[in-house]
Amino acid sequence: PYVMSMERDSRALNLAAAHLRAIEKHGFEGEEAAEAISALRTDEQVGEVHEDVVSVSIDGGIARCDLLRVTDALATVEAIATGDFDQPIAPFDLVFVDADKTRLLEYVEASLSSDKLLNRGGIIVVDNVLWKGLVLEASTGDFVSVSDSEDAGKAELKKNRRARKLATLMHKFNSAIAKDERAEVLLLPMRDGLSVIRKK
């Protein structure tokens, strides 16, 4: 098995790398592994990653994970899809997208349009497709749970407007992907919503 993960946020990258290195050293199971991962509670314990790629082998090299520092994950995904990535990669069986909500359709398009990125029959999982439960309200344009009431402070107004905007974007994404004949879609109403998209 091979896993590639991309991250632009340095703090998240540092934490992910620390977890991967703990798994590489101690494995997935047992008290020693649990203690090593539980110890990663502060930035000092996590440490700072300076390299752009963190590669770890798990279970004696049976599985590998590469964690990439990126500034634009979509550009990297598109480079893999077009075959312009700097290292050869076999197509993935699963692509998980928890990224810039304004560009979700572009991530899915790259996955569906190229067999270099995602195998036929492969799965794309997109996170946050129900956006705090507001997508249903976005479908009607009637936001009752998030409003610009006079009682709200400036920060709350900004948060409410952002929530409505993102819910509207997620509604448009859900509508577009449901109509895409290259895919079969299952929307799971768990937590913040997961869209499971199977490439035909």
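Helix α4 (residues 73–82) passes helix α5 (residues 104–113) in a left-handed crossing, a term used when the near helix is turned anticlockwise from the far one by less than a right angle, whereas a clockwise turn is called right-handed. Helices (H or I, at least four residues) and strands (E, at least two) are DSSP runs, numbered from the N terminus. The contact is made by Ala73, Leu74, Val77, Glu78 and Ala81 of α4 and Glu106, Tyr107 and Ala110 of α5, where contact means heavy atoms within 4.5 Å.

This is a predicted model, in which local features need pLDDT of at least 70 and side-chain atom pairs count only at pLDDT 80 or more, while totals for chains, interfaces and linings use all residues. Residues are numbered from 1 along each chain as its sequence is written, and side-chain values use heavy atoms, with hydrogens and water left out.

A second helix pair is formed by α1 (residues 10–26) and α2 (residues 31–38), and their crossing is right-handed. Here His19, Ala22, Ile23 and His26 in α1 meet Glu32, Ala33, Ala36 and Ile37 in α2. The table gives the axis geometry of both pairs.

| Helix pair | Axis distance | Angle |
|---|---|---|
| α4 and α5 | 9 Å apart | about 15° |
| α1 and α2 | within 9 Å | roughly 160° |

Axes are lines fitted to C-alpha atoms, for helices over the stretch in contact, and angles run from 0 to 180 degrees between N-to-C directions. Angles under 35 degrees count as roughly parallel, over 145 as roughly antiparallel, 65 to 115 as roughly perpendicular and the rest as oblique. α4 is therefore roughly parallel to α5, and α1 and α2 are roughly antiparallel to each other.

Turning to the strands, three of them form an open sheet of mixed pairing, in the order β1-β3-β2; two strands pair if DSSP finds at least two bridges between them. Because β1 (2–7) and β2 (53–58) stand at the edges with a single partner strand each, one side of each is left without a neighbour in the sheet. β1 pairs with β3 (residues 63–69) in the parallel sense over six bridges, and the bridge partner of tyrosine 2 in β3 is arginine 64. Helix α1 lies across β1, β2 and β3, running at about 165° to β3, while α4 lies across β1 and β3, at about 145° to β1.
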